[in-house]
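Subject: Structure handover

Hello,

Here is the structure we talked about passing on to you. Please look it over before reading my notes underneath.

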Amino acid sequence: MERHIERVLNRVTLISVSVATLILLYLLLQTPETCIPRNAPRKPHFRFPKSSCDFYSRDYLPLHKKNTRLWSSKFWITKVSSYTHFFTQLYQMGVLNNHSKVLCVSAGAGHEVMALTKLGVEDVTGVELIESLPFVSRADPHSLPFFDEAFDVAFTAHLEDALYPLQYAREMERTVRQGGVLVVVVEKRSEEEVKEIVRLFRMSSLLHSSYLTFIGNRITRILLKNKASA
C-alpha cells in the first residue's frame, strides 16, 4: 500500500515538474517585443522609460531649469507670497532686518528662504534632511552643523513633525545668540498647548503668541527670546 502511494506521489511530482517546464518554455517563446522602434536612436542621457512601451524621450533637466519650472508654478508663488507677508510682519515688529542672520530649520524646498531673500535679508541659511539647492542644504535639525550663537533669528514651521521635539528645540536655541529670537509656527493651538510648546525651549522665554491665517489655514505664531547661550 505504501509503495503504491509513493509511486502515485512520484508520478504527480513528475507531471507537475513537466507542466511547469512547458509553461516556462512557452512564456520564454512568447515574450513580446519591446514597443521601442528598432530604428529609434539610442540616447543614454535620457531617463529610463516608465514601461517597455514608453519610448518617448525624456531629457534630464539641469538643476537651474528644474528650479525655474518649480519657481514659476502657482503653488510655489502663492506659498512664497504668504511667507513674504508673514516675515514682513516680523520686520514691522523689529524682529528682523536686512542684516539679521537667519536660520530656517526644516526648510523643505526653500519657500521661506526665498521669501526672506526677496525681502532683503542678506544672510539666510536653510537646512533640511534632503537638500534642495540653491536655498536649502542638507543637515539634521536634531544636530545642526553650526557654532553656538551663530544666528540672530531661527525660524521653523515644522516643530510638530520633529522626531525628538526637545532636542530639536535645544538645537535651535544653541545656534541663536543670547537675546536672539526663535520663531515657531504650529497649527492653531490653545493657550495651554502653547505653554507646552514653550516649555520645550528651556533657555528661552515667551515674547508673544498670536493666531494668523497662512495659506488658508489658521496657525499659531510663537516668538521666544533666547535668554542665555548653551
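The notes below go through helix H4, the aromatic rings and the charged side chains in turn.

Please keep in mind that this is a predicted model.

Helix H4

Helix H4 spans residues 111-119, and its buried residues are His111, Glu112, Val113, Met114, Ala115 and Leu116. What covers them? The cover includes two helices, H2 (63-71) and H3 (74-92), together with strands E1 (101-105), E2 (123-128) and E4 (151-156). After H4 comes Gly120, which has a positive phi, near 110 degrees.

One residue of helix H2 is His64. With a relative accessible area of 53%, His64 is exposed, because the threshold for that class is over 50%. Its C-alpha atom and that of Pro134 are 9.2 Å apart, although 70 residues separate the two along the chain.

Aromatic rings

There are ten aromatic pairs in the structure. One of them is formed by Tyr83 and Phe214, an edge-to-face pair with 4.8 Å between the centres and 65 degrees between the planes. This pair joins distant parts of the chain: Tyr83 belongs to helix H3 and Phe214 to strand E6 (residues 204-214), 131 residues apart. Both Tyr83 and Phe214 are buried.

Phe86 and Phe87 make another edge-to-face pair, at 5.3 Å centre to centre and with 85 degrees between the planes. Are these two rings buried or exposed? Phe86 has a relative accessible area of 4% and is therefore buried; Phe87, at 2%, is buried as well. The rings of Tyr83, Phe86, Phe87, Phe155 and Phe214 form one aromatic cluster.

A charged group also meets a ring: Lys188 lies over the face of Tyr211, 5.0 Å from the ring centre.

Salt bridges

How many salt bridges are there? The count comes to seven.

Arg177 and Asp152 form one, with 2.7 Å between the closest N and O atoms. It connects distant parts of the chain, since Arg177 is in strand E5 (residues 176-187) and Asp152 in strand E4, 25 residues apart. The partners fall into separate exposure classes: Arg177 is partly exposed at 34% relative accessibility, whereas Asp152, with a relative accessible area of 18%, is buried. Asp152 gets that label because the limit for buried is under 20%.

Arg189 and Glu160 form another salt bridge, at 2.4 Å from N to O. This pair too links distant parts of the chain. Arg189 sits in the loop between E5 and helix H6 (191-200), and Glu160 in the loop between E4 and helix H5 (165-175), 29 residues apart. Arg189 counts as partly exposed at 24% relative accessibility, and so does Glu160 at 36%.

A further salt bridge joins Arg199 to Glu196, with the closest N and O atoms 2.4 Å apart. Where do these two residues lie? Both are in helix H6, three residues apart, which is about one turn of the helix. An α-helix has 3.6 residues a turn, so residues three or four places apart point the same way. Arg199 is partly exposed at 48% relative accessibility, and Glu196 is partly exposed at 48%. In addition, Asp148, Glu171 and Arg174 are joined into one network by salt bridges that share partners.

Regards

Methods:
Residues numbered from 1 in each chain as written. Predicted model: local features only at pLDDT ≥ 70, side-chain atom pairs only at ≥ 80, totals over all residues. Heavy atoms only, no water. Buried < 20%, exposed > 50% of the residue type's maximum accessible area, 1.4 Å probe, protein only. Helix = DSSP H or I, 4+ residues; strand = E, 2+ residues; numbered from the N terminus. Contact = heavy atoms within 4.5 Å. Phe/Tyr/Trp six-rings, centres within 6.5 Å; stacked < 30°, edge-to-face > 60°. Lys NZ or Arg CZ within 6 Å of the ring centre and 35° of its normal. Salt bridge = Lys/Arg side-chain N within 4 Å of Asp/Glu carboxyl O.
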